[in-house]
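Work through the exercises below with the model open. Try each task before you read its solution.

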Amino acid sequence: MPWPNNNVAGVMVGEAVSNGGWNAVLSFVFDCPTYLVVPEQRMPPRRFDLAILKVAVNGLFFAFEGKGMNYNWDTLAAEVRQCCQAIRVGQGYTYGMGGNGPECIIVEWDGTQLKYLYIDGQGNLAYSQYRHTHHITNDQAAILQILQEIRRIH
């Protein structure tokens, strides 16, 4: 099924659809009872659309900020960075994801620099200072591979 079209009357579109689609993907990879994908999590100064909680340690390590289609990527990346900053504890890495309709960015925050995660030409996880976007349908395998690597780390 294609991503809902913003021009279709009576179909819920925008941020709600983005969050719903990406919630399904995150819940598939970060499954209960080890993890819990929690909506509307508050960590001042931010409120995340979704966050991933590792149940055994009662700690967040992954934040998601969703927007409807055609949102400004630079603004979304800045919001995801703020979410990662809000949940960072100690010297560890935090992870984040920005959903822009059917596309997303997946990032790692080390306390100083935001790095975009992607799969390189050899099929390995790679990092870049430049934005890499992924499409929920076209890049499904890469998205799953990146998220599964984050899960392995946590």
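**Exercise 1. Find the salt-bridge partner of Arg47 and say how accessible each partner is.**

Step 1. Arg47 meets Glu40 in a salt bridge, 2.6 Å from N to O. A salt bridge here is a side-chain nitrogen of Lys or Arg within 4 Å of a carboxyl oxygen of Asp or Glu.

Step 2. The model is predicted: local features need pLDDT of at least 70, side-chain atom pairs count only at pLDDT 80 or more, and totals for chains, interfaces and linings use all residues. Residues are numbered from 1 along each chain as its sequence is written, and side-chain values use heavy atoms, with hydrogens and water left out.

Step 3. Arg47 has a relative accessible area of 29% and is partly exposed. Glu40, at 44%, is partly exposed. The cut-offs are under 20% for buried, over 50% for exposed, and partly exposed in between (1.4 Å probe, protein chains only).

Step 4. Look for a network. Glu40, Arg47 and Asp49 are linked by salt bridges. The whole structure holds 7 salt bridges.

**Exercise 2. Which parts does the salt bridge of Lys67 and Glu79 tie together?**

Step 1. The closest N and O atoms of Lys67 and Glu79 are 3.1 Å apart.

Step 2. Lys67 sits in strand β3 and Glu79 in helix α2, so the bridge ties together parts 12 residues apart in sequence. Helices (H or I, at least four residues) and strands (E, at least two) are DSSP runs, numbered from the N terminus.

Step 3. Lys67 is buried, at 12% relative accessibility. Glu79 is buried, at 13%.

**Exercise 3. Describe the salt bridge of Arg152 and Glu149.**

Step 1. The N to O distance is 2.5 Å.

Step 2. Both residues lie in helix α3, 3 residues apart, which means about one helical turn between them. An α-helix has 3.6 residues a turn, so residues three or four places apart point the same way.

Step 3. Arg152 is exposed, at 59% relative accessible area, whereas Glu149 is partly exposed, at 24%.

**Exercise 4. Place Arg88 and list what it touches.**

Step 1. Arg88 is in the loop between α2 (73-87) and β4 (94-100). Its relative accessibility is 23%, so Arg88 counts as partly exposed.

Step 2. Beyond neighbours within four places in sequence, Arg88 contacts Thr94, Trp109, Asp110 and Gly111. Contact means heavy atoms within 4.5 Å.

Step 3. The Arg88 side chain reaches the backbone oxygen of Asp110 at 2.9 Å.

Step 4. Now take Thr94, which is in strand β4. Thr94 is buried, with 3% relative accessible area. A polar atom of its side chain lies 3.2 Å from the backbone oxygen of Cys84.

**Exercise 5. Is strand β6 mostly buried or exposed, and which strands pair with it?**

Step 1. Strand β6 covers residues 114-119; 5 of its 6 residues are buried, so the rest of the structure largely encloses it.

Step 2. Strand β5 (residues 103-109) pairs antiparallel with β6 over 3 bridges. Strands pair if DSSP finds at least two bridges between them. Leu114 is the bridge partner of Trp109.

Step 3. Strand β7 (residues 125-128) runs antiparallel to β6, joined by 4 bridges. Tyr118 stands opposite Ala126 there.

Step 4. Check the turns. The β5 and β6 hairpin has 4 residues between its strands, and Gly111 has a positive phi of about 100°. The β6 and β7 hairpin has 5 residues between its strands, and Gly123 has a positive phi near 85°.

Definitions and conventions: Polar contact = N/O pair within 3.5 Å; in protein donor to acceptor, adjacent residues only side chain to side chain.
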